[in-house]
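Q: Can you walk me through a couple of helices and the core here? Keep it casual.

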Amino acid sequence: MESIIAQISFQAIYPEIVIAATAMIILLLQAFSPRESKKVMGYLSLAGVILSALMLLGSPGGTEYSFSGTWVIDNYSRFFKLLFLLCTGLTILISLKYLKEEGIHHGEYFAILLFATVGMMIMVSGADFITIFLGLELMSICLYVLTGYTRGRQISNEAALKYFVLGSFATGFLLYGIALFYGAAGSTSLKSLADITVRNSFQNYTIIIGMVLMIIGFGFKIAVVPFHMWTPDVYQGAPAPITGFMSAGPKAAAFAALIRIFVEALPSARNEWVDLVWILAVLTMTVGNVVALVQDNVKRMLAYSSIAHAGYIMVAFIAAREMGISSVLFYLLAYTFMNLGAFAIITVIGGRNEERVNVQDFAGFGYRNPVAAVMMSLFLFSLAGIPPTAGFMGKFYIFSAAIKEGFLGLALIGVVNSVISVYYYLRVTIAMYMKEPETAPAGTMGAVLFPPAIIIAILISAYGVLRMGIFPSDFIQIAQQSLIAIK
């Protein structure tokens, strides 16, 4: 009887091992160490993130499959893993003050955050549907917990429950899609499914239905219209640092897995899904921007904004050639910088229990904290796509890719939506510089103190926004080199 031994390469998963080991050490310290030593857990988790990133940067290039072909390490996965680690590192810096103020400075928070990062890293290296699904569930379960981490707030509990119920429902669609793919190909490998679709010229309706279910499942994770209904409530109810994390890291992980599946496993299916995704992209951009116009809560406004940005990224996904996919990578990196930078400032302004997160709460902020107000304006301008910022270059890159592939109408709709978004982003800037608080004492925002960790996070984000906006060529080259393995 032939024995099958899996090809194991621990070297291929060293970065994931470092993050997982750091998370487990933090859990042990939380349980057995004195109370004073628990203050260093945030910095310990940050050290683990930095070590993992250094291992990725020092790893040799090329493509390597391991674990019986269920795991792949290539430039594409390296790019996204570094993006996830950047997102996690910034979130840790932003969280330190927040957790202390809210009285929830526990090691579990950082451990769960690190496990969510491991889930994202598994998703992007998955060469098999089971591996991708395991990573997705690890990430999702951690996010459900983090959403309700401020359990003393009713809105946070409600958001966690809603996210869990709807997320479980979306998981069902993904599983049905995977089951249909398995039924058609007889394997859960992306390569096997690609062989079937190429041989049968894509006439297998089981695969078409599976593909639609896959778009629905990932559409929920990405918050694409009409699967976006959970986003505003969850973003508003979750702790501010976690809201920033969810809007950047998990969204990028879902796009990374979606692109790998459709480019590697369904390369001949483009004509089958392009019309459906075209409609979803237009709906997502338009609904996200139009509803954001009437939001007074800034977290809720950025939730709808994130829906609109998912629509922009889908425009590039439709133009699924080299330029289209590299523009997705570029835009997701830019979005990480500008969105986490904005949430770093919102975290400080919001104060205890996040009582000051409405647009009117920003009134006069430009005079009390001029430097922070300039930074906030920079991030908002970048989200709006105003030059010379990373957001402008990202949108320019995306719409150029769409036009190059013949989607001129879609690019024009994207530009119009981008212009609409300027209104609600500028509302915050106008409040900061052109309005005075209606009341002075209780509940009014005075000068706020920015701790060193958040200042570092803001400076890193601002540097990324300006560097990618003024000198984008280096980042575009990195994004293009990250496509070698999936062309």
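A: Here is a short chat about two helices and the core. This is a predicted model, where local features need pLDDT of at least 70, side-chain atom pairs count only at pLDDT 80 or more, and totals for chains, interfaces and linings use all residues. Residues are numbered from 1 along each chain as its sequence is written, and side-chain values use heavy atoms, with hydrogens and water left out.

Q: Which residues of α18 are buried?
A: Ala 453, Ile 454, Ala 457, Ile 458, Ser 461, Ala 462, Gly 464, Val 465, Met 468 and Gly 469. Buried means under 20% relative accessible area, exposed over 50%, partly exposed in between (1.4 Å probe, protein chains only). Helices are DSSP runs of H or I, at least four residues, numbered from the N terminus.

Q: Why are they on the same side of α18?
A: Because they cover an arc of only 170 degrees around the axis. The arc is that of the directions from the helix axis to the C-beta atoms.

Q: And which ones are exposed on the other side?
A: Pro 452, Leu 459 and Tyr 463.

Q: What covers the buried residues of α18?
A: Among the covering elements are α3 (75-102), α13 (322-350) and α19 (473-481). Contact means heavy atoms within 4.5 Å.

Q: Switching to α19, what's buried there?
A: Phe 475, Ile 476 and Ala 479. They span an arc of only 100 degrees around the axis, which puts them on the same side of α19. Their cover includes α13, α16 and α18.

Technical notes. Helices (H or I, at least four residues) and strands (E, at least two) are DSSP runs, numbered from the N terminus.
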